[in-house]
Amino acid sequence: MTETTWDPTAPGILRLPSGRLLRGRGLSRPLPPGPLPTYALYLLGRRPAPVPWESRWVRWPDFRLPADRADAEAAFREAWERSATERVEVACTGGRGRTGTALARIAILDGVPPTEAVAYVRAHYSPHAVETPWQRRYVERRR
């Protein structure tokens, strides 16, 4: 592990097929010990509180889909690109539905087939990821 990546054994870390690492997290829980993110993607209905690292907000109400899907897709691509060299965190309030959905869309960018992305994130991040049927359909739709 280098300073610019996550510890692959730390809680909440998703290893993509390419080897890139992202951390999923629920903002309702305390910040985990260890290094801080260098970049974060926050998926919330309201603008998040300021953080000391670079971040991007996607307006995404709980249990729903992103308010602006084009903005969300651009944010997923940025998170994926930055995860090659930075500690990227993807987070919503609980760290399951919206976070899992975003991680699945990012996994697709890394080569996971859309029909397998939910299962991949559930197996490698959290068995509770992607909470609603419409979130699952959002992951599986082809762009």
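## Terms and overall layout

Helices and strands are here runs assigned by DSSP, with at least four residues for a helix and at least two for a strand, and they are numbered from the N terminus. With these terms, V112 can be placed in the loop between α2, which covers residues 97-109, and α3, which covers residues 117-124. The model is a predicted one, and it contains 4 helices and 5 strands. Followed along the sequence, these elements come in the order β-β-β-β-α-β-α-α-α. The radius of gyration is 13 Å, close to the 15 Å that the globule rule gives for 143 residues, so the protein is as compact as a globular protein of that length.

Taken along the principal axes, the box filled by the C-alpha atoms is roughly 35 × 30 × 25 Å. Of the 143 residues, 45% count as buried, and the accessible surface comes to about 7300 Å², of which 53% belongs to carbon and sulfur atoms. When contacts between residues at least 6 apart in sequence are considered, 60% of them join residues that are at least 24 apart.

## The loop residue V112

V112 has a relative accessibility of 7%, and because buried means under 20%, this residue counts as buried. Leaving aside residues up to four places away in sequence, V112 touches P17, A107, A117 and Y120. The distance from V112 to G97, which is 15 residues away in sequence, is 19 Å from C-alpha to C-alpha.

## A residue in helix α2

I106 is located in helix α2, and its relative accessible area is 0%, so I106 is buried. Apart from residues up to four places away in sequence, the residues that I106 touches are L16, L22, F76, A79, W80 and V90. The C-alpha atoms of I106 and E78 are separated by 9.5 Å, although these two residues are 28 apart along the chain.

## Charges and salt bridges

The protein carries 23 positive and 15 negative side chains, and the centres of these two sets lie 6 Å apart. Side chains of opposite charge can pair when their charged atoms come close. In this structure there are 11 salt bridges. One of them is formed by the side chains of E78 and R56, with a distance of 2.8 Å from N to O. This pair links distant parts of the chain, since E78 belongs to helix α1 (residues 69-82) and R56 to strand β4 (residues 54-59), 22 residues apart. Both partners are partly exposed, with relative accessible areas of 23% for E78 and 21% for R56.

A salt bridge also joins E73 and R141, and the closest N and O atoms of this pair are 3.9 Å apart. Here, too, distant parts of the chain are linked, with E73 in helix α1 and R141 in the segment after α4 (133-140), 68 residues apart. The two partners are not covered to an equal degree: E73 is buried, with a relative accessible area of 11%, whereas R141 is partly exposed, with a relative accessible area of 27%. In a further salt bridge, the side chains of E86 and R82 meet at 3.1 Å from N to O. Salt bridges that share partners join E54, R56, D71, E78, R82 and E86 into one network. Within this network, R82 counts as buried, at 15% relative accessibility.

## Two residues with positive phi

Most residues other than glycine have a negative phi. Against this background, F63 has a phi near 65 degrees, a positive value in a residue other than glycine. F63 lies in the loop between β4 and α1, and this residue is partly exposed, with a relative accessible area of 44%.

V130 is not a glycine either, and it has a positive phi of about 65 degrees. The place of V130 is in the loop between α3 and α4. At 2% relative accessibility V130 counts as buried, whereas F63 is partly exposed.

Technical notes
Residues are numbered from 1 along each chain as its sequence is written. This is a predicted model: local features need pLDDT of at least 70, side-chain atom pairs count only at pLDDT 80 or more; totals for chains, interfaces and linings use all residues. Side-chain values use heavy atoms; hydrogens and water are left out. The radius of gyration is taken over C-alpha atoms; the globule rule is 2.2 Å times the number of residues to the power 0.38. Buried means under 20% relative accessible area, exposed over 50%, partly exposed in between (1.4 Å probe, protein chains only). Contact means heavy atoms within 4.5 Å. Accessible areas come from the Shrake-Rupley method with a 1.4 Å probe; for residues, only the protein chains shown count as cover. Lys and Arg count as positive and Asp and Glu as negative; His and the chain ends are not counted. The place of a charge is taken as NZ of Lys, CZ of Arg, CG of Asp or CD of Glu. A salt bridge is a side-chain nitrogen of Lys or Arg within 4 Å of a carboxyl oxygen of Asp or Glu.
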